[in-house]
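Reader: I would like to talk through a structure and learn how its descriptions are justified. Could you show me the reasoning behind each label?

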Amino acid sequence: MNLEQWFKDNEEKFSKSGPNGKWHESYHAIYTFFYNNHIKTNTKVHIRDGVDTKRYMVLVIIALMPALFFGIFNAGYQARLSVGLSVDDYFAVILAGASLVLPLVAVSYGVGLGIEFFFATIRGHAINEGFLVSGLLYPLILPVTIPLWQAGLGIAFGVIVGKEVFGGTGRNFLNPALTARCFVFFTYPSQMSGEIWTGVLNAKDQIVDGFSTATPLAVVAYAEKGSDGMKLLEDAGFGISNLIIGLVPGSVGETSVIAILLGAGLLIFTGVGSWRTMVSALVGALLMGFLFNIYGDKDSAMLGLPPLWHLAMGSFAFAVVFMATDPVSSPTTNTAKLIYGFLIGCMGMIIRVMNPAYPEGWMLAILLMNVFAPLIDYLVMSYKTSKRIPNLV
Amino acid sequence: MSFRNSKEWKTFTEPIIHANPISVAVLGICSALAVTTQIIPSIILMLAMTAVITLSNVIISIMRNIIPSNIRIIVELVVIASLVILADQLLKAFLFDISKALSVFVGLIITNCIIMGRAEAFALSNTPWMSMWDGLGNGLGYGYVIIVVAFFRELLGSGSLFGIQVVPDFIYAMGYVNMGIMLLAPGVFILIGLLAWLENALKAKGGKR
């Protein structure tokens with residue numbers, strides 16, 4: 001008996017009036033996960049297309065794959081390097097990385113999907129496919145060192161308070177993955193804003209002398225006054241090419257600009273992610289970076305760093321490509337997307353550079369602009385309608 | 001059952017459940033943010049608050065027919081301020097440590113919009129007897145929320161209750177960490193939001209929304 005046959009045989013049982021009607025939504029979600037949705041729109045207006053939210057979200061998952069695989073490799077690379085093991089054996093490196101990263105992914109999906117199915121069953125609404133993406137985005141923006149129970153608590157908070165409270169995917173005004181990370185960030189500050197972000201393979205292992213576990217951002221943010229940020233980074237082994245390739249400590253998926261750009265290409269090509277948001281955020285960040293260079297205090301390592309370096313380190317690329325373009329929490333109109341992205345770029349840069357308490361600003365910047373997104377949309381639309389020539393004079 | 005159907009009972013319970021000043025009307029959030037990191041100060045603040053709101057309601061209700069309406073706010077303020085100073089002095093005299101922990105927030109009871117709101121909305125147009133019940137109900141409605149919030153904040157944020165550590169050491173040894181956010185203001189917003197959600201869900205289930 002094949003799978004499709006099984007679904008067909010049991011369709012009656014799981015229909016809303018059937019004996020297992022309670023599980024109708026769960027059944028439907030799993031069915032459409034494997035097969036094309038056979039429920040089509042009855043009325044005339046809609047374009048009939050197999051691309052539902054699930055297919056749409058799967059494209060984002062594919063776009064995330066390079067970042068995920070690189071993240072796994074990098075986690076293993078950093079972990080083996082820190083204890084003085086050889087990193088030439090790629091198989092061992094990937095194995096080590098997988099043992100650090102995959103549990104995070106599993107916890108994120110397990111806890112998050114559990115809550116999604118729970119709410120859908122209680123409330124009788126459809127399962128929100130949006131979580132397929134949130135559940136993968138979330139582990140990618142966590143440091144590998146985070147304890148799993150904290151990660152689980154965070155995603156539970158993100159899904160419940162960031163999304164389900166407002167009615168599920170499409171009604172949330174904050175990005176659930178970022179809400180979850182924000183919660184963990186403020187709840188367990190010592191695990192999230194610490195400088196040691198290299199996963200430990202074996203509790204008994206000693207970190208070898210001379211190995212720096214500090215992230216590039218921490219190197220610059222906690223530099224002494226009067227030091228040159230660029231030189232500090234190069235001394236710590238974080239040259240610009242290395243920052244772009246991404247073999248540096250950091251959150252799982254954020255380190256490699258190249259892997260993220262691959263994903264960005266797919267998102268823009270398929271039209272799933274908005275290039276307007278990405279480009280305007282880039283412009284905003286570059287502009288702020290130049291302004292800091294020109295007018296900033298010359299003694300500060302952070303202020304003096306050229307903008308291109310800012311783009312390469314930390315989570316700028318990941319945040320702008322995958323977080324800011326979230327179709328639900330970003331604005332709808334094209335002009336609003338430009339404004340929204342630009343403000344994210346400026347704001348994230350300001351938080352990163354000016355605020356010593358938070359070495360990274362994109363999470364807070366995007367969440368802040370998420371809140372403003374409906375307002376920007378409203379202003380843009382009311383401006384445009386005011387420009388219209390009235391039909392009746 | 002006549003007791004439960006009396007007007008007094010209704011006036012008393014209405015602000016605790018259906019018109020709760022914090023979780024329904026979202027008033028008095030400042031003090032709820034500030035003092036609820038521990039339970040004991042919250043209980044003291046609840047008592048002070050209940051005493052002040054009940055007495056102010058009664059006094060203003062007694063005077064309601066002689067207060068000229070264009071200076072009523074000033075009269076109300078004078079009454080409330082006197083009561084707050086009284087409460088503050090009493091706490092300083094008998095519970096100095098807790099008074100220090102509450103710092104300005106006893107004095108700031110006066111700015112708590114709940115008291116002024118009840119004086120305006122209820123005491124000015126009702127008898128002293130009913131106003132007393134309304135004041136008690138509002139004070140306890142406020143108190144119940146801040147104590148629930150303080151319970152979770154102290155338990156999750158410091159791992160203790162009433163100042164005594166309740167989360168055993170071996171759990172910390174296993175890697176448990178206190179939730180830092182619970183000691184910060186956002187924790188209160190989250191807790192009050194969740195509490196309001198729970199209350200609404202229960203009310204919706206009872207069909208009394």
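Author: Happily; what follows takes some labels one by one and sets each against its cut-off. Please keep in mind that this is a predicted model.

Reader: Let's begin with the overall make-up. What does the secondary structure of chain A come to?

Author: Chain A has 18 helices and zero strands. The chain is divided into domain 1 (3-34), domain 2 (55-192) and domain 3 (218-248 + 273-377).

Reader: How do you know that domain 2 and domain 3 of chain A are in contact?

Author: Contact requires heavy atoms within 4.5 Å. By that test, 27 residues of domain 2 of chain A are in contact with 18 residues of domain 3 of chain A. The centres of these two domains, taken over C-alpha atoms, are separated by 22 Å.

Reader: Now the helix pair. Why is α3(A) called roughly antiparallel to α12(A)?

Author: Helix α3 (residues 53-82) of chain A packs with helix α12 (residues 257-270) of chain A at an angle of about 170°. Angles over 145 degrees count as roughly antiparallel, so α3(A) earns that description relative to α12(A). The axes of the two helices are 8 Å apart.

Reader: What is the contact of α3(A) with α12(A) like by class?

Author: By class, twelve of the residues in this contact are nonpolar, two are polar and none is charged. On the α3(A) side, the residues include L59(A), I62(A), P66(A) and F70(A). Those they meet in α12(A) include I260(A), G263(A), L266(A) and T270(A). Gly counts as polar under this scheme, so G263(A) is placed with the polar residues.

Reader: What makes helix α2 of chain A largely enclosed by the rest of the structure?

Author: The reason is a count: eight of the eleven residues of α2 (residues 24-34) of chain A are buried, so the helix is largely enclosed. Among those buried residues are H24(A), E25(A), Y27(A) and Y31(A). They pack against α1 (3-14), α3 and α4 (90-123) of chain A.

Reader: Take one residue from that helix. Why does S26(A) count as buried?

Author: S26(A), which is in helix α2 of chain A, has a relative accessibility of 9%. Buried means under 20%, so S26(A) qualifies. Not counting residues up to four places away in sequence, S26(A) touches F117(A), T121(A) and I127(A).

Reader: And in chain B, how do you know that S31(B) is buried?

Author: The argument runs along familiar lines. S31(B) lies in helix α3 (residues 29-35) of chain B, and its relative accessibility is 9%. The cut-off is under 20%, so S31(B) counts as buried. Leaving aside neighbours within four places in sequence, S31(B) is in contact with L45(B), F105(B), N112(B) and Y142(B). S31(B) and L108(B) are 77 residues apart along the chain, yet their C-alpha atoms are separated by 8.0 Å.

Reader: What about I366(A): buried or exposed?

Author: Buried: I366(A) has 0% relative accessibility, and anything under 20% meets the definition. This residue lies in helix α18 (residues 362-387) of chain A. The contacts of I366(A), leaving aside neighbours within four places in sequence, include L178(A), A319(A), M323(A) and Y340(A). For V320(A), 46 residues away in sequence, the C-alpha to C-alpha separation from I366(A) is 8.6 Å.

Reader: Last one. Which residues touch the most other members of the largest nonpolar core?

Author: They are L233(A), F318(A), F322(A) and I109(B), in a core of 135 residues. This core draws at least three residues from each of domain 2 and domain 3 of chain A. As for L233(A), the residues it touches include P216(A), F238(A), L305(A), W309(A) and M313(A), not counting residues up to four places away in sequence.

Definitions and conventions:
Residues are numbered from 1 along each chain as its sequence is written. Chains are lettered from A and ligands numbered from 1 in the order in which they are written. This is a predicted model: local features need pLDDT of at least 70, side-chain atom pairs count only at pLDDT 80 or more; totals for chains, interfaces and linings use all residues. Side-chain values use heavy atoms; hydrogens and water are left out. A nonpolar core is a set of buried Ala, Val, Leu, Ile, Met, Phe, Trp, Tyr and Cys residues joined through side-chain atoms within 4.5 Å. Buried means under 20% relative accessible area, exposed over 50%, partly exposed in between (1.4 Å probe, protein chains only). Domain bounds come from an automatic or database domain assignment. Axes are lines fitted to C-alpha atoms, for helices over the stretch in contact, and angles run from 0 to 180 degrees between N-to-C directions. Helices (H or I, at least four residues) and strands (E, at least two) are DSSP runs, numbered from the N terminus. Angles under 35 degrees count as roughly parallel, over 145 as roughly antiparallel, 65 to 115 as roughly perpendicular and the rest as oblique.
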